[in-house]
Amino acid sequence: MFTTVITCIQAKDRSTEIKTHTELGYRLPKDVQPRHYNIKIEFSETLDHLNGECEIDIEIFKATSNIRLYNPEPKKQPMYYHKIKLNMKNSADESIADEYPVEIGYSEEEYILNLYFNQQLSPGNYSLFIKYETNISKGIQKGYFIKILFPPEARSEARQNTLLATNIHSIEARHLFPCWDEPELKATFQFRFTHQQKYKIWPISVSGRSTRDDYKQNWLCTNFFIKDKISTYQLMFILTDFEFYIKTKVITYNALALFHTVIKLSIASRPRVENSMQFLYNVSNKILHSMWWWHHKLPLRRNITLLAIPAMKEDVIANRGLILYKESLVTYDKQIDSYVRQREVASIVARGIAYQLVEEIIVTLPWWSHLWFNKGLATLLHVMILDEVFGKWGFMDLFVVQVHQDCLHLDTNFIMKPLSYEVQTSSEIKSLFSFPIYVKGYYRVKYDNDSLEFITNYLKFMEFKKIHVLNRAQIIDDTYYFLMRGEVTYDTFVRLMYYLARDRNYIAWYPMFQIFIDLLYFLPFAESEVIKVKIVIYLVKSY
């Protein structure tokens, strides 16, 4: 990886030195901002690369001779000058003159394109034209594209079907088209996709339309528009020739005759798993019909598509009315799947809807360091929805135990990052999304021997349910933690552990399940025989 070094140029209206991106900083200056993107994308027949033309309406607020933005990595260095043009406009938004950069710099480390012009650009409106190419195959390897090959649905079919989807969580958009790829720099978008006729573009929008390509037989041009100003990380599109089975329901709600809301909910899946998608359909329908949802008057898109995709790496991806789920996580067969499976499917379905909702209601935050708020709020919101709609399953209590104890363990090993963790470079930004939990404000309790003995006897012989299940779970986890530090004896922990023979609450058992996982590395050795015997006796008593 390297940064192109550009020599100093003297110009009549500009005497400033041309600098590298490191000297200029990793953040883009706010003196130039995008207003609208008009993007033309033509896919290759093999879907291994695309050619693009990007026209960006920008506004310059302060005179400058330098424009900086993010741009897909070019195939060749240096970049061709004829592929970049700046069109100047008058007060009536009419084109009056063209400017071409006199020098072009590109950072392969941060994907920043530096354009230097021969004269100062006055404040006003401009259009920036850039032609570019994107290597889709490389994008699949790096994770900002997802490509799925579907096996034939029937033996008589020989051809595989393909699905290509963007995978944008943070800074991936800069690999797809030239842009101001920072969360607070929002704009409207117009896309024109040129593709083979067998493919369709998702999400299917009422504002979109397809026309035949005038120059290529059996090719189409699909257009769609995004009229709301959004950030680049909120974009998502899918190209596929697979015929999904789609089940649709129109949800109508009237609240005291004050407002009328209609939501079109579509569930799309492979035909062969159609019957296994009924529970997903029931859960999403129940959530959107719940009184909690309507009581809070939460806004949501009028068209929502839930799409189950096999072999997807991520559990769920949600943006702009399109929610992608890993198929294996949302299928349910009542003939062979357990009751626990229902909880798992309900949880993942609600998480996708919560992610979608947060994108609708949260004002975009100024920098990547703050996006933990969106992720954290979506995580909490998805549990609140589940706890209200499926109250008997105790989702909130289980969530508290899981998050609380997992974060304690991670903080013990110095894995957790502080909420104020500042990021600048691409690698630092990506690291923010490697672990989804950012929680602070918790502690452990170490009881003296007499107090712990009293608690143990109460749990074993008295009315243990008078101690809240969250506290029962935390006592087990805290005592095990101090056992591993040598501050509590093994016999003391075993006596406490035996109380669980009376407790049938899964939440109270959760820390023990985690302890069993910890012991897996030790159990194969002969020295663990005593512990294994006691665990078996303990489990038999519990049964």
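# A walk through the predicted model

Start with the whole protein chain: among its contacts with a separation of 6 or more, 69% are between residues 24 or more positions apart, where contact means heavy atoms within 4.5 Å. Before you click further, note that this is a predicted model, in which local features need pLDDT of at least 70 and side-chain atom pairs count only at pLDDT 80 or more, while totals for chains, interfaces and linings use all residues. Residues are numbered from 1 along each chain as its sequence is written, and side-chain values use heavy atoms, with hydrogens and water left out.

Switch to a cartoon view. The protein chain has 14 helices and 20 strands; these are DSSP runs numbered from the N terminus, with helices being H or I of at least four residues and strands E of at least two. Of the 543 residues, 50% count as buried. Buried means under 20% relative accessible area, exposed over 50% and partly exposed in between, using a 1.4 Å probe and protein chains only.

**Stop 1: helix α11 and its partners**

Select residues 469–484, which form helix α11, and add residues 490–497, helix α12. The two pack at an angle of about 165°, with their axes 10 Å apart. Axes are lines fitted to C-alpha atoms, for helices over the stretch in contact, and angles run from 0 to 180 degrees between N-to-C directions. That angle makes α11 roughly antiparallel to α12: over 145 degrees counts as roughly antiparallel, under 35 as roughly parallel, 65 to 115 as roughly perpendicular and the rest as oblique.

Now show side chains. On α11, the contact is made by Ile-475, Ile-476, Thr-479, Tyr-480 and Leu-483, and on α12 by Tyr-490, Phe-493, Leu-496 and Met-497. These residues divide into 8 nonpolar, 1 polar and no charged. Here Ala, Val, Leu, Ile, Met, Phe, Trp, Tyr, Cys and Pro count as nonpolar, Asp, Glu, Lys and Arg as charged, and the others, Gly among them, as polar.

Keep α11 and bring in helix α13, residues 506–519. This pair packs at an angle of about 25°, with axes 7 Å apart, and the two helices are therefore roughly parallel to each other. From α11, look for Val-469, Leu-470, Arg-472, Ala-473, Ile-476, Asp-477 and Tyr-480; they meet Ile-507, Ala-508, Pro-511, Met-512, Ile-515 and Asp-518 of α13. The contact has 10 nonpolar, no polar and 3 charged residues.

**Stop 2: Ser-269**

Jump to strand β17, residues 259–269, and pick Ser-269. Is Ser-269 buried or exposed? Ser-269 is buried, with a relative accessible area of 1%. Leaving aside neighbours within four places in sequence, Ser-269 is in contact with Phe-244, Tyr-245, Glu-274, Met-277 and Ala-308.

**Stop 3: two loops**

Most residues other than glycine have a negative phi. Tyr-111, though not a glycine, has a positive phi of about 60°. Find Tyr-111 in the loop between β6 (103–107) and β7 (112–121); Tyr-111 is buried, with a relative accessible area of 8%. Then select Asn-218, in the loop between β13 (209–212) and β14 (219–230). Phi of Asn-218 is also positive, near 65°.

**Stop 4: Arg-351**

Finish in helix α6, residues 339–361, where you'll find Arg-351. Arg-351 is partly exposed, with a relative accessible area of 23%. Not counting residues up to four places away in sequence, Arg-351 touches Asp-315, Val-316 and His-382. Add Thr-379 too: Arg-351 and Thr-379 are 28 residues apart in sequence and 6.9 Å apart in space, C-alpha to C-alpha.
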